[in-house]
Each structure stands twice: as structure tokens, then as C-alpha cells.
Amino acid sequence: MGRMEGQVAWVSGGASGMGEATAELFAAEGARVAVADVQEERGRQVVNRIEERGGDAIFVMCDVAREEQVRGSIEATVERFGTLQTVVNCAGIVHVGCLHEYSEEDWDRLMGVNLKSIFLSLKYAIPHLREHRRSYMANIGSVGSFIGQAGTPAYTASKHAVLGLSRSIALDYARDGLRCNCICPGITDTPMLRYHLNTTPDPEATLAQRLRRVPTGAAIRPEDVARAAVYFCSEASAGITGTSLVVDGGYIAAAEWETSGPTRFTEGP
């Protein structure tokens, strides 16, 4: 019996990165999973891998910034599985540039994907979550939920807001048995990180420079974030709500840090 046996989970951004790892680990822990994403081919590949391992999953097309698509994807999840107990908001985008360089469309699109999506997922999931004595929501924040980051002002603002919104959801829906928490990853090796790095002249040198500020010296793996999601979305974390879990290799533990040479963490698991 897995820690999520019998649950039905809707995972946004489930076609790649942290969402992909979360969908696959949830299935391995016994959950039936809806992989919600705009990347249909990749999303169906995630579903196929889950099914090959004996799990049960569906792909649901969903632009999380659009209300009708969020509503439709949740309805499709309930139609297929009969219920919904867990929501994980992994979908996210980044826009690199100084604030005065943004267009209004740049700002609105990022806030729609990173922040409004959480509002929409709760709005349409809550009637189903209330059917359960215990239900779960996990939202992906960032170390940028606590600190400023150069060159990504809208992203940083959105991630501060994700943490605050998660706390408010925890308060407002505790009476319904819903626990809501926020996972705040550091430098995580995902397609979004690679996109960010590729805006620099030498992506690998940029990554190496950034990792010198991480005490472990290693990038976080999507699987590390997925394990945090399983913890928050199971009774392993009973009694914990309205808080955050930082998964960053020690990145924000110190104001200044430089890792010199490899560590045991850079050798892999």
C-alpha cells in the first residue's frame, strides 16, 4: 500500500519537470493521476509510463491561466475517476528582464500561469475536495518566495504571492478538512531553469557559478520536489498546514556562501 493509495490527484504542469516527477511518484504511491498541461505529446508520454508501471492516469489538456480550461480539466478528472482529493499546482513560467522592459501582456501571462491558476484550481476543485474527510493542496513556490532575484521581477512577485495565497487557503478551508502547503524549491534542473540559463552567454558557466552559492553544490532534482509533494499530500504530514517546505540544498540558509570543489551531494544519490 502506497502513501496515497486510493487518492485521485490533479497535477498541473504534469508533462515536464517537477510536475512530471510528481505525477509519476504519486502514481507509484497508489494515486490515480490527471496530468494537466498544454504539452499534449509530453503529457501523454507521462501517462503511458505510469500505465506501463501498472498505474492509472489520464492526460487533460489545460492552459492553467484560462478559467474554462481549468474547469474542464477538473470536470474530466472527476468524470474519469469519480472524485478528486488532491490538487498540486506545479505549472509555472519565467520571464527574464527588468520590469520596465515588460509588456502588460508579459506581466499578465506570467501572473495568470503562476498565480491565477491556483485560484482557479481551488475554485473548481473545492466542491470535490469537500466530499472527503481529508483533502490536500500543494503549491509550488520558490526560494524566490522569500528573497529577491535579479532579472525576474514578475516571477519573484508571483512566488511571494503563491506562499501568501497558500497560507490563506489553509486558513479558509481548514474547516473542510483541506490542508494546503507550499513547496519552495531552489535551483532545480528543469526545462524552465534551462530556458532561464539559455538567456545568458554561457549557460553551463552560469549554472556552475550559481551552484557555488549552494552548500550542497548540486542542483535540486525534480524527484526531490516530488517527494515533498507526497509528504504534504498524504497523512505523513497530518497536522501540518499553511506552511512551507524549502527544498534548496541550503541555498537560503546563509547570506553569503561559496562552495569550493565537489561535495558528496554532487556525486549523486
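The bend of a helix at a residue is the angle between two axes, one fitted to the seven residues ending there and the other to the seven starting there. In this predicted model, that angle is about 45 degrees at Lys116 in helix H4.

Helix H4 runs over residues 104-129 and so contains 26 residues, the expected span at 1.5 Å a residue being 38 Å. From its first C-alpha to its last, H4 reaches 35 Å, which is close to that expected value.

Another helix, H1, covers residues 17-28, and Ala23 is found in this helix. Is Ala23 buried or exposed? Ala23 counts as buried because its relative accessibility is 0%, and buried means under 20%. Neighbours within four places in sequence left aside, the residues in contact with Ala23 are Gly14, Val33, Val35, Val46 and Ile50. A further residue to locate from here is Gly13, which stands 10 residues from Ala23 along the chain. The C-alpha atoms of Ala23 and Gly13 are separated by 9.4 Å.

The last stop is a pair of rings. Two values describe such a pair: the distance of the centres and the angle of the planes. The structure holds 1 aromatic pair, formed by Tyr231 and Phe232. Their ring centres are 5.7 Å apart and their planes make an angle of 40 degrees, so the pair is tilted, since planes under 30 degrees apart would count as stacked and over 60 as edge-to-face. Tyr231 has a relative accessible area of 30% and is therefore partly exposed, whereas Phe232, with 2%, is buried.

Key: Residues numbered from 1 in each chain as written. Predicted model: local features only at pLDDT ≥ 70, side-chain atom pairs only at ≥ 80, totals over all residues. Heavy atoms only, no water. Helix = DSSP H or I, 4+ residues; strand = E, 2+ residues; numbered from the N terminus. Buried < 20%, exposed > 50% of the residue type's maximum accessible area, 1.4 Å probe, protein only. Contact = heavy atoms within 4.5 Å. Phe/Tyr/Trp six-rings, centres within 6.5 Å; stacked < 30°, edge-to-face > 60°.
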